[in-house]
Amino acid sequence: NPIFESASNHRYDTGDYRKIDPILGTNTDFKKLCAAAADCGIRIVLDGVFNHTGADSVYFDKFGNYGTAEKYRSWFRFGDQYRHGYECWWDVPDLPNVEENDPSFREFLCGEDGVVRRWLRRGASGWRLDVASEVNDGFWRKFRETVKKSNPDALLIGEVWESARHWLQGDMFDSTMNYDFRKHCELFFAEQTVDAAEFAGRITDMLMRYRLQMVPAQLNLLDSHDVSRFLSLCNGDTVKYQLAILFLMTFVGMPTVFYGDELGIQGIQEEAYRRP
């Protein structure tokens, strides 16, 4: 999840891209964490939400808490054609959409002292990019250029639920969250509605979709904060679950462990699969 200051516990309603949420710590704490992790061979990748901000943010300032609404007005789209008077992500009023082509927004993020470079300098080793398929390609190309100039080894992972071939041509992302992998595993390991031959065909088709060098970089997952726990989809059957985990860990690509998977946490609905 994002770690920047915001009004909610999930923090996808970013309030200030320049500050760590006080409930988590300080900007200095973040630098210390990255340094300590690096000593252990661990790198920190941030969750970046640049398609929208929070309504109660420094930028949109819906409630007048900051006195900055006019300063950032060009970042957002207003008009009577929108139900809430401004364009929102999936019509959620707490999440006003950003106009990514606005020059001042791009400079704020990708400028010499912009948000992107600032957090890389503080120790971050890349970005996981929220709702990446809903942001225009030109923005992502500029974003990638900025990141790679700052740190050529930094990792860019896009959240893309459908086929991600378009975003993996070498000019936007290094990897995407491989939800196709999860879908095929659910049918074979959990539901057992396809046989081994069909499963192999689906997996092969998935592999052949991408350039060869992109396949080892795909972020393969069974669980995330946006889907039901895989163990629950297996109806608590640990044999099915262990087989799926074995496949995840040995298949080409980067295996992902979502918090709680190692403890066997279950949950079908959001309040359950996101619980502490």
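**Pockets, cavities and the sheet**

About 410 Å³ of space lies in the second largest pocket (an open set of points on a 1 Å grid over the protein atoms alone, with protein on both sides within 12 Å along at least five of seven lines; points join across faces, edges and corners, and a volume is the space filled by probe spheres set on them). The model is predicted, so to speak of local features takes pLDDT of at least 70 and side-chain atom pairs need 80 or more, while totals for chains, interfaces and linings use all residues. Residues are numbered from 1 along each chain as its sequence is written, and side-chain values use heavy atoms, with hydrogens and water left out.

Sticking with that second largest pocket, 18 residues line it (a lining residue has an atom within 4 Å of a point). Nearest its centre lie W89, D130, V131, E159 and D226. Sorted by class, this lining comes out as seven nonpolar, four polar and seven charged residues (Ala, Val, Leu, Ile, Met, Phe, Trp, Tyr, Cys and Pro are nonpolar; Asp, Glu, Lys and Arg charged; the others, Gly among them, polar).

The largest pocket holds about 960 Å³ of space. Its lining runs to 27 residues, and the ones closest to the centre are N1, V45, D47, H225 and F258. Here the class split is 14 nonpolar, six polar and seven charged residues. Two strands have a hand in building this pocket: strand 3, at 46-48, and strand 5, at 155-158, each put at least two residues into the lining (helices, H or I of at least four residues, and strands, E of at least two, are DSSP runs numbered from the N terminus).

Stepping back to the whole fold, the protein chain has nine helices and eight strands. Its C-alpha atoms fill a box of roughly 60 × 40 × 35 Å along the principal axes. Six of the strands make up an open sheet, and reading across it gives the order 3-4-5-6-7-8, with parallel pairing (strands pair if DSSP finds at least two bridges between them). At the edges sit strand 3 and strand 8, the latter at 254-255, and each of these pairs on one side only. Strand 3, then, is both an edge strand and a supplier of residues to the largest pocket.

The pairing can be followed residue by residue around strand 6. Strand 5 is joined to strand 6 (175-178) by two bridges, and the two run parallel. In the first of these strands, I157 has S175 as its bridge partner, and G158 stands opposite T176. Strand 6 is also joined to strand 7, at residues 219-220, again by two bridges and in parallel. On that side, N178 faces N220 of strand 7.

There are enclosed spaces too. A search of the whole structure turns up two cavities of 30 Å³ or more (a cavity is a set of grid points where a 1.4 Å probe fits but cannot get out). The largest cavity has about 50 Å³ of space. Lining it are N178, M206, L207, Y210, V215, Q218, N220, F251 and V252, so the bridge partners N178 and N220 both turn up in this wall. By class the lining has six nonpolar residues, three polar and no charged ones.

The second largest cavity has about 40 Å³ of space. Its wall is made of V160, W161, E162, A164, T176, M177, N178, Y179, D180, Y210 and Q218. Strand 6 and helix 5, at 179-190, each supply at least two of these residues, and strand 6 gives the most, with three. The lining divides into six nonpolar, three polar and two charged residues. N178, Y210 and Q218 appear here as well as in the lining of the largest cavity.
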